[in-house]
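User: I am new to this structure and would like a close look at a single part of it, the charged side chains and their pairing. Please set the scene with the whole chain before going into detail.

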Amino acid sequence: MNFKILTIAALALMPLQQAFSMPIDSVSVNVVDIRGDTSGPLLRKMGSSMQVVAKQILADKDTEIVRLSEVDYTRLLTEIGDRVLTGYEISNTYMTLGPTTYITLEIYPWNNTIENVDLDIQFSGVEPAAAELLEERMPQLKNDLLYTIRGASVDASDWAVGVLRRIVRDEVENALPEFKAAVDLVQEGDRTVVQVVIYPVGQLVRTINYELRSEAIPNLLLMKLKNKYRVECDKLRGLPVEHVKRNRDEITGSLRAQLEDEADGKLYRLKPKVSITPGPDTDVEILLTSNEYKIWFEGYGDVGRDKNNLSGKAHVGRFLLTDHEVFGEAEVYLNDMDWIFGLGYTYHWGKSAWTYARRIPKSENDWKFEYYLGPRWRLRTEHFSGSNRNEYGVRYRIHEFLSAEAVYGGDEFYLRLIGNL
């Protein structure tokens with residue numbers, strides 16, 4: 001009778017036992033520092049490493065079988081963890097069995113913890129001023145590194161370096177994708193030094209072809225600004241070309257904003273235009289314009305011309321509207337000190353300029369058309385009614401203070417050197 005009752009009870013309990021018996025599909029490991037000093041990123045790294053071990057031990061095993069030997073499994077995990085988690089000792093191991101089995105490891109440092117941290121962040125091959133700007137693109141980097149390393153066991157450098165490398169790599173890839181980084185951890189007495197070297201990759205900017213000029217006022221008045229912004233533009237040297245391309249709008253916008261805030265620019269009411277052409281030889285052109293006036297002084301030396309081969313001209317213009325300029329000019333030929341004065345009007349249309357001037361005392365009309373082929377090239381055709389002479393020129397600007405023009409006028413062909421003040 002008793003045997004029958006036991007058999008019936010066993011048969012009745014079998015479905016219940018099967019309901020609680022199930023395979024382990026996944027394992028989740030949580031590592032906790034019982035002293036509360038080790039950072040979350042470092043603990044998560046430890047947890048992910050132990051999770052690999054725990055999964056190999058427990059995956060696909062029956063929960064009831066594991067439950068029967070739970071003490072042995074926890075002891076095994078503790079022994080492995082003591083070997084794997086260098087710098088820490090495991091005080092307790094807990095398991096919550098189920099299709100997803102949760103394991104909690106309570107740890108504490110073997111020895112002292114890291115408290116005094118120095119960060120040494122360097123940018124290799126980049127101008128110091130540019131390095132400061134690059135570092136500003138990663139405002140959280142220092143805080144993230146300090147948060148991660150402080151409180152860790154001094155003997156857990158291998159764990160810490162791995163986590164620090166991932167943090168630096170992620171932040172550099174996000175903010176500076178044209179750069180790579182190397183990270184090292186050095187223990188100096190009671191100080192821990194985190195060394196980060198960030199270096200550019202790919203094609204680099206080697207030279208800067210820089211120019212700052214104005215067609216509104218004499219360039220001699222801008223020498224202070226020219227020297228100042230040469231230093232600003234030199235910050236691009238050593239940067240990856242792709243970095244300059246990707247951030248060209250931001251770089252030009254920053255330069256333009258700085259120029260707009262300059263006292264000299266405000267004094268002369270100048271508006272900056274900034275153009276950057278990235279490459280191993282990067283071109284930076286800054287043009288300061290004005291919609292109020294146009295003042296320039298030029299000196300001419302003609303090579304291959306016997307008469308009137310040394311001269312100079314002063315031009316003072318005022319814009320009535322955006323494209324409409326009235327001006328006065330004074331021209332002198334140094335050979336015989338012959339002075340010519342003129343009053344005129346210029347219509348600026350896109351890349352072209354149409355000019356009429358009345359020249360005295362010659363009482364002649366001057367009709368001129370100019371076309372700007374590019375930043376440095378200019379075409380000119382001019383008709384002088386008094387002598388009924390046409391003149392044609394192709395002008396090339398060597399830099400802001402010197403140009404050269406090939407001129408054909410009447411039966412003369414000569415080279416004109418032009419000094420621009």
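What percentage of the 421 residues in the protein chain do buried residues make up?

Analyst: Buried residues account for 42% of the 421 residues in the protein chain. The model is a predicted one, and every value here is computed from it.

First, the whole chain. The protein chain contains 11 helices and 19 strands. Its radius of gyration is 39 Å, while a compact globule of 421 residues would have one near 22 Å. Along the principal axes, the C-alpha atoms fill a box of roughly 140 × 55 × 35 Å. Of the contacts between residues at least 6 apart in sequence, 49% join residues at least 24 apart. The accessible surface of the chain is about 22,800 Å², and carbon and sulfur atoms supply 55% of that surface.

Now the charged pairs. Side chains of opposite charge can pair when their charged atoms come close. The structure holds 33 salt bridges, and a few of them are described here.

One of the pairs is Arg397 with Glu211, whose side chains meet in a salt bridge at 2.5 Å from N to O. Arg397 belongs to strand β17 (residues 389-399) and Glu211 to strand β7 (residues 207-214), so this pair ties together parts that are 186 residues apart in sequence. Are the two partners buried or exposed? Arg397 counts as buried because its relative accessibility is 10%, and Glu211 is also buried, with a relative accessible area of 5%. This pair is part of a wider arrangement: salt bridges that share partners join Glu211, Arg213, Glu215, Glu285, Arg376 and Arg397 into one network.

Another pair is Glu188 with Arg191, where the closest N and O atoms are 2.8 Å apart. Glu188 counts as partly exposed, at 40% relative accessibility. Arg191 is partly exposed as well, with a relative accessible area of 31%.

A further salt bridge is found between the side chains of Lys235 and Glu232, at 3.2 Å from N to O. Lys235 is buried because its relative accessible area is 17%, and buried means under 20%. Lys235 also has a link to a distant part of the sequence: its C-alpha atom and that of Leu133 are separated by 9.3 Å, although the two residues are 102 apart along the chain. Leu133 sits in helix α5 (residues 128-136) and counts as partly exposed, at 42% relative accessibility.

Lys368 is a charged residue without such a pairing. It lies in strand β15 (residues 364-372). Lys368 is buried yet has no salt bridge. Why does Glu370, the nearest side chain of opposite charge, not count as a partner? Glu370 is 4.3 Å away from Lys368, whereas a salt bridge needs a side-chain nitrogen of Lys or Arg within 4 Å of a carboxyl oxygen of Asp or Glu, so the pair falls outside the cut-off. Leaving aside residues up to four places away in sequence, Lys368 touches Ala353, Trp354, Thr355, Arg380, Thr381 and Glu382.

The loop between β14 (352-360) and β15 holds Pro361. The peptide bond from Ile360 to Pro361 is cis, with omega near 10°. Ser363 is in the loop between β14 and β15 too, and its phi is near 55°, a positive value in a residue other than glycine. Ser363 counts as partly exposed because its relative accessible area is 45%.

Asp60 also has a positive phi, near 70°, and is likewise a residue other than glycine. Asp60 is located in the loop between α2 (40-58) and α3 (63-68). With a relative accessible area of 64%, Asp60 is exposed.

Ile360 appears once more, in a setting without charged side chains. Together with Leu310, Leu334, Met337, Trp339 and Phe341, Ile360 forms a nonpolar patch on the surface, and the accessible area of these residues together is about 590 Å². Leu310, one of the patch residues, lies in strand β11 (residues 310-319). Leu310 is partly exposed, with a relative accessible area of 43%.

To return to the charged side chains: Arg397 and Glu211 meet in a salt bridge and belong to one network with Arg213, Glu215, Glu285 and Arg376, whereas Lys368 is buried and has no salt bridge.

Note on methods. Residues numbered from 1 in each chain as written. Predicted model: local features only at pLDDT ≥ 70, side-chain atom pairs only at ≥ 80, totals over all residues. Heavy atoms only, no water. Helix = DSSP H or I, 4+ residues; strand = E, 2+ residues; numbered from the N terminus. Buried < 20%, exposed > 50% of the residue type's maximum accessible area, 1.4 Å probe, protein only. Lys, Arg positive; Asp, Glu negative; His and termini not counted. Contact = heavy atoms within 4.5 Å. Patch = residues over 30% accessible without salt bridge, like charges linked within 9 Å, V, L, I, M, F, W, Y side chains within 5 Å. Areas by Shrake-Rupley, 256 points an atom, 1.4 Å probe, with all protein chains shown as cover. Rg over C-alpha atoms; globule rule 2.2 N^0.38 Å.
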